[in-house]
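Trainee: I should be grateful for a close look at one part of this protein, set in the context of the rest of the chain.

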Amino acid sequence: MAQQDGPEPDPDLLEHRTTTQEKGRFCMARCTCGWHGPARRARSQARTDAENHATG
């Protein structure tokens with residue numbers, strides 16, 4: 001029997017899951033890892049910030 005170092009890490013915990021959150025006229029990207037982007041007036045820019053964080 002092969003020796004194991006422990007349980008395999010949950011792949012969901014390794015992924016960055018991003019969302020956007022609106023506060024008044026501003027929108028901000030947030031991630032499950034604790035990261036957050038700057039407040040943006042354009043929702044599209046906040047979504048781009050989130051995408052860049054998750055892939056970069």
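How much area does the chain expose, and what share of it do carbon and sulfur atoms supply? With that as background, please examine helix H2, the element in which Ala46 and His53 lie.

Mentor: The chain exposes about 4,800 Å², and carbon and sulfur atoms supply 47% of that area. The model is predicted, with an average pLDDT of 84 for the chain and 75% of the residues scoring at least 70. Confidence varies among the elements: helix H1 (residues 11-14) has the lowest mean pLDDT, 56, and E2 has the highest, 96. Of the 56 residues, 16% count as buried. The chain holds two helices and two strands, arranged along the sequence as α-β-β-α.

The strands are the setting for the helix. E1 and strand E2 (residues 26-31) run antiparallel and are joined by six bridges. They form a hairpin with two residues between them, and Gly24 in the turn has a positive phi of about 65 degrees. In this pairing Thr18 stands opposite Cys31 of E2, a pair to which we shall return with His53.

Consider the helix at Arg43. This residue forms a salt bridge with Glu22, and the closest N and O atoms are 2.8 Å apart. The bridge links distant parts of the chain, since Arg43 belongs to helix H2 (residues 43-55) and Glu22 to strand E1 (residues 18-23), 21 residues away. Neither partner is buried: Arg43 is partly exposed at a relative accessible area of 47%, and Glu22 is likewise partly exposed, its value being 47%. The search of the whole structure finds two salt bridges. The other joins the side chains of Arg40 and Asp49, with an N to O distance of 2.8 Å. Here the partners fall into two classes of exposure: Arg40 is partly exposed, with a relative accessible area of 27%, whereas Asp49 counts as buried at 10%.

Arg40 also brings us to Ala46. Ala46 lies in H2 and is buried, with a relative accessible area of 0%. Leaving aside neighbours within four places in sequence, Ala46 is in contact with Thr20, Cys27, Met28, Ala29 and Arg40. Arg40 is thus a contact of Ala46 as well as the salt-bridge partner of Asp49. Among the other contacts of Ala46, Cys27 is itself buried, at 2% relative accessibility. The C-alpha atoms of Ala46 and Arg30, which are 16 residues apart along the chain, are separated by 9.1 Å.

Two of the contacts of Ala46, Met28 and Ala29, are also touched by Gly37, again leaving aside its neighbours within four places in sequence. Gly37 is found in the loop between E2 and H2 and counts as buried, at 5% relative accessibility. Its C-alpha atom is 7.4 Å from that of Ala50, a residue 13 places away in sequence.

Finally, His53, which also lies in H2, has a relative accessibility of 19% and therefore counts as buried, the cut-off being under 20%. Not counting residues up to four places away in sequence, His53 touches His16, Thr18, Cys31, Cys33 and Trp35. This set includes Thr18 and Cys31, the residues that stand opposite each other in the hairpin. Cys31 is buried, with a relative accessible area of 10%.

The presence of Cys31 and Cys33 among these contacts raises the matter of disulfides. The search of the whole structure finds zero. For Cys31, the closest cysteine sulfur is that of Cys33, at 3.6 Å; a disulfide requires sulfur atoms within 2.5 Å, so the two are too far apart for a bond.

Taken along its length, then, helix H2 meets E1 through the salt bridge of Arg43 with Glu22. Ala46, buried, has contacts that include Cys27, Met28 and Ala29, and His53 has contacts that include Thr18 and Cys31. In the chain as a whole, 12% of the contacts between residues at least 6 apart in sequence join residues at least 24 apart.

Note on methods
Residues numbered from 1 in each chain as written. Predicted model: local features only at pLDDT ≥ 70, side-chain atom pairs only at ≥ 80, totals over all residues. Heavy atoms only, no water. Salt bridge = Lys/Arg side-chain N within 4 Å of Asp/Glu carboxyl O. Helix = DSSP H or I, 4+ residues; strand = E, 2+ residues; numbered from the N terminus. Buried < 20%, exposed > 50% of the residue type's maximum accessible area, 1.4 Å probe, protein only. Contact = heavy atoms within 4.5 Å. Areas by Shrake-Rupley, 256 points an atom, 1.4 Å probe, with all protein chains shown as cover. Pairing = 2+ DSSP bridges. pLDDT = per-residue confidence, 0-100.
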